[in-house]
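This report describes the strand arrangement of one model and the helices that go with it. Please have the sequence and the structure at hand while reading.

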Amino acid sequence: MLAGRRKPLVAGNWKMNGASMSLDAARDIAEAAAEASDFVDVMLCPPATLISRLDMRCAGTPLLIGAQNCHAEQSGAFTGEISSEMLADAGATAVICGHSERREYNSESSARVKEKALAAHRANLKAIICVGETETERRAGKAADVIQTQLAASLPSSSTPDNTIIAYEPVWAIGTGLTPSPNDIGEMHSGIRLFVSDILDQARGAGMRILYGGSVKPSNASQILALENVDGALVGGASLTAEDFVPIFRHYVPLAAVALEMDDLQETETVSG
Ligand code: PEP
């Protein structure tokens with residue numbers, strides 16, 4: 001991926017939500033993703049139990065499927081774990097590494113996150129590496145330092161724009177309805193790009209997609225996604241229904257294209273009516 005040619009990505013993290021019934025919502029999302037595919041990549045990260053069924057149900061559409069976690073090893077005596085190779089075999093093309101809920105509830109350190117990202121690369125999955133500061137850290141003026149420390153320890157040196165995506169997700173914004181100001185998001189994203197250029201190199205820093213995550217919803221998506229250095233979003237709660245998720249990624253579809261789609265629709269209705 002070249003600098004200035006970063007195709008945006010809007011990824012939905014279903015967390016521990018979703019069962020067979022959710023496949024209909026996924027199909028609706030996949031169909032809307034097909035209409036938007038010239039402008040934005042769309043991904044759903046369902047629970048591991050749904051990956052292969054979602055893959056089958058959305059076959060023939062551009063919807064990308066990601067997983068929410070992987071184990072660092074390829075196989076072995078790790079009861080209850082799933083390797084990146086198994087996720088790829090089930091139909092995933094990406095995996096979230098180091099979501100703050102896993103860092104918090106499963107004590108995942110940045111070193112462990114790096115191992116998981118390397119495991120993702122080994123299986124040809126894109127690693128979506130999450131970083132984010134707590135509310136206390138932000139109030140103490142340490143947000144940028146915390147993010148740099150997490151990035152330095154989580155990002156494999158072999159990361160490229162093709163195998164890695166960064167998600168900046170302030171912990172205090174996840175599931176709370178709170179978001180940083182547009183200015184704070186913009187500042188953090190440009191800081192992340194500079195830092196990645198520093199620790200990897202300029203070309204990889206310029207090409208790496210940096211997503212924002214934390215309480216993105218239809219009502220605030222346009223303001224956040226329009227910011228410089230914001231290359232898309234990682235969306236939790238608002239990715240569970242097509243009604244909420246589709247308007248978020250439609251932000252990237254130019255109005256002219258939407259108007260054309262409406263014309264097509266009206267023509268079909270006239271012809272068939
Ligand atoms: C997330 O879990 O990655 C997330 C951003 O959640 P929400 O959109 O619900 O804040």
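How many bridges pair β2 and strand β3, and in which sense do they run? In this predicted model, β2 pairs with β3 (residues 64-67) over two bridges, in the parallel sense. Within this pairing, Leu 44 has Ile 65 in β3 as its bridge partner. Between β2 and β3 the chain passes through helix α2 (residues 51-57), and the β-α-β crossover is right-handed.

The next pairing continues from β3. Two bridges connect β3 with strand β4 (residues 94-97), and these strands run parallel. Ala 67 has Val 95 in β4 as its bridge partner. A right-handed β-α-β unit is formed by β3, helix α3 (residues 84-90) and β4.

These pairings belong to a wider arrangement. Eight strands close into a barrel, in the order β1-β2-β3-β4-β5-β6-β7-β8, with parallel pairing. From one strand to the next, the twist averages 25°.

Further along the chain order, strand β7 (residues 209-213) and strand β8 (residues 232-235) run parallel and are joined by two bridges. Here Gly 213 stands opposite Leu 234 in β8. Helix α11 (residues 242-249) packs on the sheet and touches β1 (9-13), β2 (41-45) and β8. The direction of α11 makes about 160° with that of β1.

The bridge partners named above are listed here.

| Residue | Opposite residue | Strand of the opposite residue |
|---|---|---|
| Leu 44 | Ile 65 | β3 |
| Ala 67 | Val 95 | β4 |
| Gly 213 | Leu 234 | β8 |

Notes:
Residues numbered from 1 in each chain as written. Predicted model: local features only at pLDDT ≥ 70, side-chain atom pairs only at ≥ 80, totals over all residues. Heavy atoms only, no water. Pairing = 2+ DSSP bridges. Helix = DSSP H or I, 4+ residues; strand = E, 2+ residues; numbered from the N terminus. Axes fitted to C-alpha atoms, helices over the stretch in contact; angles between N-to-C directions. Contact = heavy atoms within 4.5 Å. Right-handed = clockwise from strand over helix to strand, strands pointing away.
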